[in-house]
Amino acid sequence: MSVLTSTRRIDHLVLPARDLEAQAAFYERLGFQVGARNIHPWGTENRIVQFDGAFLELITLGKTAVPPAHTPRHFSFGTHVADRLEHEGDGMSMLVLDSPDAQADAAWFRQAGIGDYAPFHFGRKAKRPDGSETDVAFTLAFATPSALPDLSFFSCQQHYPESFWNPANQVHENTVTGVSRVVVVHDRPEASLGFVKAFAGGTPYAEKNLGVSLKTRHGILSIWKPEGARAVLGDDPVLFNGKHGHFAAVLLTVKSLGTAELCLRKNNVPHRREKGRILVPSGAAFGVLLVFEEGNA
């Protein structure tokens, strides 16, 4: 069977933390340029680390926020973040693919049986490089896999991409250029094959002694068994329990591994270098194992 690459790309990763400012300060110590705080009307607050065509969404729930509840056809982003922080704490909770048409995605997800939710549209003001204001707007289509009940996924359509993406914000001291792979740990990776294919398109493929993966236009989604993930990435605590499935590791492409390591050493960031990678443990990195590797994002 030929392996087809998904026409989608990894657009962004949602990384909830109880203390957004502490999380952002840590990412700055990692050598990232972290954007200003944005406040959403549904109760969440975020700061963004941007690359060329992808970003990390550092996010929390506002201290006095009461997000809207989930309803049968409405996925509440704010409630999702609140529930994640209350029940599991810091980590990664959502993976997002790009979308040319979120309305069509929502209809397809409904037909495929992976999410019967109305599309969610919102906009906000943003700053141009010269300091002037501009508009950004997004439409989201949500999907919730039965095989991964603690995780959520959505596609994101950007309506003013020229106002959102900013090359000046994509230059980082650690030389990271993008997300190369996201690893989900699950005891039964094969149980997620149907969802992955319906959500992202393309052809998931088996990786011997690991699990399954899917190549997107930019970035790979992998669902690995705990023992396989540890064989590749070491014995980080986040790689052990795969009963319900969880986002465990984010692999990031760097131009220079040496420059990245110098940055981590300078800022006293816990890390180890092995197998041609640098690994920042989940206990330091707000619940997710971060892996720096040279290559193409």
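Start with the whole chain on screen and think about contacts: among those with a separation of 6 or more, 65% link residues 24 or more positions apart. Keep in mind that this is a predicted model.

**The whole protein**

Switch to a cartoon view. The secondary structure comes to seven helices and 16 strands. The radius of gyration is 18 Å, close to the 19 Å that the globule rule gives for 297 residues, so the protein is as compact as a globular protein of that length. Turn the model around and picture a box drawn along its principal axes: the C-alpha atoms fill roughly 50 × 45 × 35 Å. Of the 297 residues, 58% are buried.

**Strand S8**

Now select residues 152-158, which form strand S8. Is S8 mostly covered or mostly open? It's covered: seven of its seven residues are buried. Show the side chains and see which way they go. Ser-152, Phe-154, Cys-156 and Gln-158 point one way, while Phe-153, Ser-155 and Gln-157 point the other way.

Next, add the strands that pair with S8:

- Select residues 133-143 for strand S7. S7 and S8 run antiparallel and are joined by six bridges.
- To see a bridge between them, pick Ala-141, whose partner in S8 is Ser-155. Then try Thr-139, which stands opposite Gln-157.
- Select residues 94-98 for strand S5, which pairs with S8 in the parallel sense over five bridges. Here, Asp-98 has Cys-156 as its bridge partner.

Stay on S7 for a moment. Nine of its eleven residues are buried, so this strand is largely enclosed by the rest of the structure.

**The cavity**

Time to look for empty space inside. How many cavities of 30 Å³ or more does the structure hold? Just one, and it contains about 180 Å³ of space. To find it, select His-12, Asn-46, Phe-55, Glu-57 and Phe-122, which lie nearest its centre among the 15 lining residues.

Which strands help to line it? You've already met S7 and S8, and each of them supplies at least two lining residues. Strands S3 (44-50), S4 (55-61) and S6 (120-127) each do so too. Colour the lining by class and you'll get ten nonpolar residues, three polar and two charged.

**The second largest pocket**

Head over to His-80, Asp-83, Pro-149, Asp-150 and Ser-152. Out of 14 lining residues, these are the closest to the centre of the second largest pocket, which has a volume of about 240 Å³. You've seen Ser-152 before, as one of the buried residues of S8.

Select residues 77-87 to show helix H2, which gives the largest share of this lining, with four residues. By class, the pocket lining has four nonpolar, six polar and four charged residues.

**Last stop: Pro-67**

Follow the loop between S4 and H2 until you reach Pro-67. Is Pro-67 buried or exposed? Its relative accessible area is 17%, under the 20% cut-off, so it counts as buried.

Show what surrounds Pro-67. Apart from its neighbours within four places in sequence, Pro-67 is in contact with Trp-42, Leu-61, Gly-78, Thr-79 and Ala-82. Finish by drawing a distance from Pro-67 to Thr-44, C-alpha to C-alpha: the two are 8.0 Å apart in space and 23 residues apart in sequence.

Definitions and conventions: Residues are numbered from 1 along each chain as its sequence is written. This is a predicted model: local features need pLDDT of at least 70, side-chain atom pairs count only at pLDDT 80 or more; totals for chains, interfaces and linings use all residues. Side-chain values use heavy atoms; hydrogens and water are left out. On a 1 Å grid over the protein atoms alone, a cavity is a set of points where a 1.4 Å probe fits but cannot get out, and a pocket is an open set with protein on both sides within 12 Å along at least five of seven lines; lining residues have an atom within 4 Å of a point. Grid points are joined across faces, edges and corners, and a volume is the space filled by probe spheres set on the points. Ala, Val, Leu, Ile, Met, Phe, Trp, Tyr, Cys and Pro count as nonpolar, Asp, Glu, Lys and Arg as charged, and the others, Gly among them, as polar. Buried means under 20% relative accessible area, exposed over 50%, partly exposed in between (1.4 Å probe, protein chains only). Two strands pair if DSSP finds at least two bridges between them. The radius of gyration is taken over C-alpha atoms; the globule rule is 2.2 Å times the number of residues to the power 0.38. Contact means heavy atoms within 4.5 Å.
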